[in-house]
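Here's a quick look at one helix and the sheet beside it. Have the structure open and follow along.

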Amino acid sequence: MGSGKTDNRNRKSGKKNNSGAKRGFVVIMLNLLVMAVVAVVLVFATLNWLDSYTNHNVAYEVPDVCGMHVDEAAKVLKDSKLGYAVVEYKYKDGAEKDEVLEQRPLANAKVKEGREITLVLNTTEKPRQGIPPVIDNSSLREAEFRLKAAGFIVEAVDTIKGEREWVYELLYKGRKLDNGAAIPRGSKVTLVVGSGDEIPTDTVRLDPDFF
């Protein structure tokens, strides 16, 4: 009799243990499910916040400001929620002072709010270039070629007594220049060459082979 009661109690105890284990398993699974749902919600909320914070997928079209004065370009860019920075000056013949010659990014590009557009502006000061060594060192034909290659324009050719078509002087706005003198690139100059008549004593070329 005692043994039978003991078996009954063991069976009841086993059932209780199994039931408790099942409840524990269910609780664990529910906790894991809740944690998973919370994690998904947090990730989704974080991504939405990042999109909002960084203006993700919000783009502004870059306006075309080339040809505008820098002050006008600055206003147009500001109205487009963009900034600007002048990074370089170049010379372009016929362009106004501080006119926008180039921009980066180019017009119609898509950028984020506040993007800095870099500008290249025009300067009215022509870059200067040294005169090549043509004075008392070359013929008319050679001098014209070298001056043109250096970016100058031979406006006129005057003559003085001397060896025919030998370059004795170079004038810029009526002023005599020396070899290497720097004047604005693209300037017009006048060459003074020998006419083939008697060589003046103050411009005689000495033959180096004579010494």
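In this predicted model, the buried residues of helix H3 (residues 140-149) pack against strand E7 (153-164), strand E8 (167-172) and strand E11 (188-194). Which residues of H3 are buried? They're Leu140, Ala143 and Leu147. These three cover an arc of only 60° around the axis, which puts them on the same side of H3. Flip to the face turned away from that buried side and you'll find the exposed residues Arg141, Phe145, Lys148 and Ala149. Here's how the two faces of H3 line up:

| Face of H3 | Residues |
|---|---|
| Buried side | Leu140, Ala143, Leu147 |
| Face turned away from the buried side | Arg141, Phe145, Lys148, Ala149 (exposed) |

After H3 comes Gly151, and its phi is positive, near 100°.

Now for the sheet. It's an open one of four strands, in the order E7-E11-E8-E9, and the pairing is mixed. E7 and strand E9 (175-176) stand at the edges with a single partner strand each, so one side of each has no neighbour in the sheet. Between E7 and E11 the pairing is parallel and runs over eight bridges. If you want a spot to zoom in on, take Val157: its bridge partner in E11 is Leu191.

And how does the helix sit relative to these strands? H3 packs on the sheet, touching E7, E8 and E11, and the direction of H3 makes about 165° with that of E11.

Definitions and conventions
Residues numbered from 1 in each chain as written. Predicted model: local features only at pLDDT ≥ 70, side-chain atom pairs only at ≥ 80, totals over all residues. Heavy atoms only, no water. Buried < 20%, exposed > 50% of the residue type's maximum accessible area, 1.4 Å probe, protein only. Helix = DSSP H or I, 4+ residues; strand = E, 2+ residues; numbered from the N terminus. Arc of directions from axis to C-beta. Contact = heavy atoms within 4.5 Å. Pairing = 2+ DSSP bridges. Axes fitted to C-alpha atoms, helices over the stretch in contact; angles between N-to-C directions.
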